Amino acid sequence: MYIKREYYLEIIRRYYDSNLIKVISGVRRCGKSVLLSQIKDEILYLGKANEEHIIFVNLEDFKFMSLNNANKLNSYINKLIKDDKKYFLLMKFNILINLKGFSFFKSNKKCFPIYSAIAEDR
């Protein structure tokens, strides 16, 4: 059971459909991943998107371990894009070996990457 982080959701909610990239950062184990999951659930509940329009990638999940650099992640995400109604929820993107080639953030309007500021950098 998770505690709903209504305070933070209320702040972020107004930016769901903005052209800004929303970066959730904080110290290790403060609840960033839980907050991102709650954002996903809320986007679905509010009818802003269905499951097909949400790309949720946790780079610590074993099934995404092969996406260990910017080029591979770009390729993976671009294969999933069918229209402009996508929400991209990226967890632990700071573990990528090379972010320099990751141009995806520049063109995406509904991106929610999360980044741990302390103790998760490699």
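This is a chat about a predicted model of one protein chain.

Me: I'm new to this one, so how many helices and strands are in the chain?

Reply: The chain has 4 helices and 4 strands, and if you read along the sequence they follow the pattern α-β-α-β-α-β-α-β. Please keep in mind that the model is predicted.

Me: What share of the chain is buried?

Reply: Of the 122 residues in the chain, buried residues make up 43%. As for the outside, the chain exposes about 7800 Å², with carbon and sulfur atoms supplying 53% of that area.

Me: And what about contacts between residues far apart in sequence?

Reply: If you take the contacts in the chain with a separation of 6 or more, 66% of them are accounted for by residues 24 or more positions apart.

Me: OK, the inside then. Which residues touch the most other members in the largest nonpolar core?

Reply: Those are Ile39 and Ile43, in a core that has 13 residues. The elements that give two or more residues to this core are α1, α2 (residues 32-45) and β3 (residues 87-91), and the largest share, 4 residues, comes from α2.

Me: Which residues are in the second core?

Reply: The second core is separate and has 11 residues, including Leu67, Ile77, Phe88 and Ile95. As general background, nonpolar side chains tend to be buried together in soluble globular proteins.

Me: Let's stay with α2. What span should it have, and how far apart are its ends?

Reply: Helix α2 has 14 residues, and at 1.5 Å a residue it should span 20 Å; its end C-alpha atoms are 20 Å apart, so the two values agree. Following α2 is glycine 47, whose phi is positive, near 75 degrees.

Me: Which of its residues are buried?

Reply: The buried residues of α2 are Lys32, Val34, Leu35, Leu36, Gln38, Ile39, Lys40, Glu42 and Ile43. In general, an α-helix has 3.6 residues a turn, so residues three or four places apart point the same way.

Me: And aspartate 41, is that buried or partly exposed?

Reply: Aspartate 41, which also lies in helix α2, counts as partly exposed because its relative accessibility is 49%, and the range for that class runs from 20% to 50%. Measuring from C-alpha to C-alpha, aspartate 41 is 9.8 Å from glutamate 51 in space, while the two are 10 residues apart in sequence.

Me: Switching to charges: how many salt bridges are there?

Reply: The count comes to 5 salt bridges. One of them joins glutamate 6 and arginine 13, whose closest N and O atoms are 3.0 Å apart. Both partners count as partly exposed, glutamate 6 at 32% relative accessibility and arginine 13 at 26%.

Me: Which other side chain does arginine 13 meet in a salt bridge?

Reply: Arginine 13 also meets the side chain of glutamate 42 in a salt bridge, at 2.7 Å from N to O. That pair links distant parts of the chain, since glutamate 42 is in helix α2 and arginine 13 is in helix α1, 29 residues apart. Glutamate 42 counts as buried because its relative accessibility is 9%, under the 20% limit. Lys4, Glu6, Arg13 and Glu42 are linked in a network of salt bridges.

Me: Which parts does the pair of aspartate 17 and lysine 48 tie together?

Reply: Aspartate 17 forms a salt bridge with lysine 48, and their closest N and O atoms are 2.8 Å apart. Aspartate 17 lies in the loop between α1 and β1 (24-26) and lysine 48 in the loop between α2 and β2 (54-58), so the pair ties together parts that are 31 residues apart in sequence. Aspartate 17 is partly exposed at 41% relative accessibility, and lysine 48 is partly exposed at 36%.

Me: Last topic, the surface. Which residues make the nonpolar patch?

Reply: Tyr7, Tyr8 and Ile11 make a nonpolar surface patch of about 340 Å². Tyrosine 8 is found in helix α1, which covers residues 6-13, and tyrosine 8 is partly exposed, with a relative accessible area of 46%.

Me: And where is tyrosine 15?

Reply: Tyrosine 15 is found in the loop between α1 and β1, and tyrosine 15 is partly exposed, with a relative accessible area of 35%. Leaving aside its neighbours within four places in sequence, tyrosine 15 is in contact with Leu20 and Lys22.

Methods. Residues numbered from 1 in each chain as written. Predicted model: local features only at pLDDT ≥ 70, side-chain atom pairs only at ≥ 80, totals over all residues. Heavy atoms only, no water. Patch = residues over 30% accessible without salt bridge, like charges linked within 9 Å, V, L, I, M, F, W, Y side chains within 5 Å. Areas by Shrake-Rupley, 256 points an atom, 1.4 Å probe, with all protein chains shown as cover. Salt bridge = Lys/Arg side-chain N within 4 Å of Asp/Glu carboxyl O. Buried < 20%, exposed > 50% of the residue type's maximum accessible area, 1.4 Å probe, protein only. Core = buried A, V, L, I, M, F, W, Y, C linked by side-chain atoms within 4.5 Å. Expected span 1.5 Å × (residues − 1). Contact = heavy atoms within 4.5 Å.
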